[in-house]
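Got your viewer open? Let's take a short walk through this one, picking out one piece at a time.

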Amino acid sequence: MNEWEIAAAALGCALIPCIVVCLLAPAPHGLLAMEIAGVLTTTILMLLAEGFNRQPFVDLAVVLAPMSLVGSLMFARLMERAP
Amino acid sequence: MSWRTIAATVLLIAGVGIELLAVLGLCALRDVYDRLHYVGLVGYGALLVSVAIVVHSSFSLIGDKALFIGVFFVVSGPVLAHVTIRSLLTRERGDWRAQIVDAADEEAS
């Protein structure tokens, strides 16, 4: 394992608390955890692309970055309505 | 070990450290407005990681796209935080400007 793969593994472990907050905390907290998890996942894909020297992984990250932003904006917009 | 490898490793550790700090803040703090601070912070971690990739492999196909992603997250972080806090205020009070309008009325009277 090189340093890029180790960093990707560390960030992969950091995804677990975000998933726990998404599942167990109230919806506004879950939205924040989802926003952070989107950035983490994109960074993991960048690190894997560099670690394995595989360019397609970074293409996935390029697609995921705007998609996570748009998804978070949509969830935030829908969350304006109180339950 | 070249200076590029050392610089890339330092930037990588700093970037991953910032992202882990953001996740730690998400877990440690309890209030949603406190947790919101870390949404903006985590983008800077992604930027440092992307700069580490550029330092390591120069402006290759991976480096260019990684730098684009890092800048994108830094730019979109404050926008996302603003939209989220506006959504939360609207959810709580019905109108996100409610507190600002009340404060302005108090100053006028």
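Start by selecting chain B and following it from the N terminus: the elements run α-α-α-α-α. That gives five helices and zero strands in chain B. Keep in mind as you click around that this is a predicted model.

Now zoom out a bit while chain B is still selected. Along the principal axes, its C-alpha atoms fill a box of roughly 70 × 30 × 25 Å. The radius of gyration of chain B is 19 Å, while the globule rule gives 13 Å for 109 residues, so chain B is more spread out than a compact globule. Try colouring chain B by burial, too: 35% of its 109 residues count as buried. And if you draw the contacts in chain B between residues at least 6 apart in sequence, 60% of them join residues at least 24 apart.

Next, switch on chain A as well. How many residues of chain B are in contact with chain A? There are 38 of them, and they meet 36 residues of chain A. To see where they come from, select helices H1 (3-28), H2 (32-35), H3 (37-57) and H4 (61-93) of chain B; each supplies at least two residues of the side that touches chain A. The largest share, 16 residues, comes from H4(B). Colour that side of chain B by class and you'll get 25 nonpolar, nine polar and four charged residues.

Let's stay with H4(B) and add helix H2 of chain A, residues 27-52. Their axes are 11 Å apart, and the two helices pack at an angle of about 180 degrees. Anything over 145 degrees counts as roughly antiparallel, and therefore H2(A) and H4(B) are roughly antiparallel to each other.

Show some side chains here. On the H2(A) side, pick out residues including Leu31(A), Leu32(A), Val39(A) and Met46(A); on the H4(B) side, Ile62(B), Ile69(B), Phe73(B) and Leu80(B) are among those they meet. The residues of this contact divide into 12 nonpolar, two polar and two charged. One of the residues on the H2(A) side is Glu35(A), and another is Glu50(A).

For the last stop, go to helix H3 of chain A (residues 55-78) and select Leu78(A). Is Leu78(A) buried or exposed? Leu78(A) is exposed, because 11 other C-beta atoms lie within 10 Å, and 12 or fewer counts as exposed. Finally, draw a distance from Leu78(A) to Thr43(A): they are 35 residues apart along the chain, and their C-alpha atoms are separated by 27 Å.

Definitions and conventions. Residues are numbered from 1 along each chain as its sequence is written. Chains are lettered from A and ligands numbered from 1 in the order in which they are written. This is a predicted model: local features need pLDDT of at least 70, side-chain atom pairs count only at pLDDT 80 or more; totals for chains, interfaces and linings use all residues. Two residues are in contact if their C-beta atoms, placed from the backbone, lie within 7 Å. Helices (H or I, at least four residues) and strands (E, at least two) are DSSP runs, numbered from the N terminus. Ala, Val, Leu, Ile, Met, Phe, Trp, Tyr, Cys and Pro count as nonpolar, Asp, Glu, Lys and Arg as charged, and the others, Gly among them, as polar. Axes are lines fitted to C-alpha atoms, for helices over the stretch in contact, and angles run from 0 to 180 degrees between N-to-C directions. Angles under 35 degrees count as roughly parallel, over 145 as roughly antiparallel, 65 to 115 as roughly perpendicular and the rest as oblique. The radius of gyration is taken over C-alpha atoms; the globule rule is 2.2 Å times the number of residues to the power 0.38. A residue is buried if 20 or more other C-beta atoms lie within 10 Å of its own, exposed if 12 or fewer, and partly exposed in between; C-beta atoms are placed from the backbone.
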